[in-house]
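The exercises below ask you to read a single model closely, moving from one residue to the whole chain. Work through each task with the structure open before you turn to its solution.

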Amino acid sequence: MDKELIKKLAANPNFIAGIYNYCDRWCERCPFTSRCLNFALGEEQFADPEARDINNEAFWQKLIETFQVTLDMLREIVEQEGVDLDSLDVEEAVEEERLNEGIAANHECARAAAVYGEMVDNWFDSAKSLFEEKDNELDLKVRLAIPNTDPFQEAASLKDSVEIICWYQHLIWVKIMRAIEGDLRRRPEILNGLPRDSDGSAKVALIAIDRSIAAWGAMRSHFPEQEDTILDLLVHLDRLRRKIEKTFPDARAFVRPGFDTTD
Ligand code: SF4
């Protein structure tokens, strides 16, 4: 894809500016794919199925092209804005980033989010046999046509819960890290009174936690014998949610383009 095509796509007024900055990247479930420049670029860039496979050379070739075009466009903007790149102390900026990353990773919210990711892995590792048993149980219900049961609905609900939990398992940590690092960088929007990017990222983390809690609630009904272990996860998530709300008190009120606005 070349610069001109990107510019042409970006000029489409149907796209909601910046919608992809505060989404959960779950494009398969997103109602705004037709209004998202990021999605359109991805479709354009990776139209060839081979280019979507991380194990295929075509994928890496496309990625290199994307980086190259991005760099070209960045240089163009920098030139237009009259920024002297040579005057920037890159080493100092890299060191600052590294320090910020360390501070953010050590923040109680980030640590709790990382622990949650591990708890989910452990739970699924220990629950492998439960899923096999559930599979057999649902299969039996179908074959015997047991009255007052709906094994298909039950299977769909279980699959949905697992997908939600797995999708957000690590995204929570990623969004919290971005929120904390954003705060550390003291971005200019704070001075200008604009909505803070860190609140937007924290809001996405909170939504991911809300949905994960609901999904674990459904898992609890599918696996009542796992009540205690699931309760541990729910308590952990609820504590994390409260910590984030305390650290980013304006996060819930952050207005995400598209998701929280109407045309
Ligand atoms: S806004 Fe929707 S379509 Fe765009 S990147 Fe996010 S999830 Fe995908």
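**Exercise 1. Place Ala-58 in the chain and decide whether it is buried or exposed.**

Solution. Start with the element: Ala-58 belongs to helix α3, where helices (H or I, at least four residues) and strands (E, at least two) are DSSP runs, numbered from the N terminus. Before reading values, note that this is a predicted model, in which local features need pLDDT of at least 70 and side-chain atom pairs count only at pLDDT 80 or more, while totals for chains, interfaces and linings use all residues. Residues are numbered from 1 along each chain as its sequence is written, and side-chain values use heavy atoms, with hydrogens and water left out. Next comes the surface: Ala-58 has a relative accessible area of 24% and is therefore partly exposed, since buried means under 20% relative accessible area, exposed over 50%, and partly exposed in between (1.4 Å probe, protein chains only). Then look at its surroundings: leaving aside neighbours within four places in sequence, Ala-58 is in contact with Glu-50 and Ala-51, contact meaning heavy atoms within 4.5 Å. Finally, the C-alpha atoms of Ala-58 and Asp-48 are 8.8 Å apart, with their positions 10 residues apart in sequence.

**Exercise 2. Find which residues of helix α2 are buried, and explain on which side of α2 they lie.**

Solution. Helix α2 spans residues 37-45, and its buried residues are Leu-37, Ala-40 and Gln-45. These lie on the same side of α2, because they cover an arc of only 125 degrees around the axis; the arc is that of the directions from the helix axis to the C-beta atoms. The cover over these buried residues includes α1 (3-10) and α3 (57-80).

**Exercise 3. List the residues around the ligand and sort them by type.**

Solution. Ten names need not be searched for by eye: the residues around the ligand are Cys-23, Arg-25, Trp-26, Cys-27, Cys-30, Thr-33, Cys-36, Asn-38, Phe-39 and Phe-259, a residue being near a molecule if one of its heavy atoms lies within 4 Å of it. Sorted by type, this shell has seven nonpolar residues, two polar and one charged; Ala, Val, Leu, Ile, Met, Phe, Trp, Tyr, Cys and Pro count as nonpolar, Asp, Glu, Lys and Arg as charged, and the others, Gly among them, as polar.

**Exercise 4. Compare the backbone and the exposure of Arg-25 and Asn-148.**

Solution. Most residues other than glycine have a negative phi. Arg-25, although not a glycine, has a positive phi of about 60 degrees, and the phi of Asn-148 is likewise positive, near 60 degrees. As for their places, Arg-25 is in the loop between α1 and α2, whereas Asn-148 lies in the loop between α6 and α7 (151-185). On exposure, Arg-25 is partly exposed at a relative accessible area of 40%, while Asn-148 counts as exposed at 84%.

**Exercise 5. Describe the setting of Lys-134, then that of Leu-240 and Ile-209.**

Solution. Lys-134 is in helix α6 (residues 128-144) and is buried, with a relative accessible area of 7%. Beyond its neighbours within four places in sequence, Lys-134 is in contact with Glu-154, Leu-158, His-222 and Phe-223. Leu-240 is in helix α10 (residues 227-247) and, at 0% relative accessibility, counts as buried; not counting residues up to four places away in sequence, it touches Cys-109, Ala-112, Ala-113, Ile-172, Ile-176 and Ile-209. Ile-209, in helix α9 (residues 197-222), is also buried, with a relative accessible area of 0%, and its contacts outside four places in sequence include Ile-172, Leu-237 and Leu-240.

**Exercise 6. Summarise the chain as a whole: how many helices and strands has it, and what share of its residues is buried?**

Solution. The chain has 10 helices and zero strands. Of its 263 residues, 34% count as buried. Among contacts with a separation of 6 or more, 73% join residues 24 or more positions apart. Lastly, the C-alpha atoms fill a box of roughly 75 × 45 × 40 Å, taken along the principal axes.
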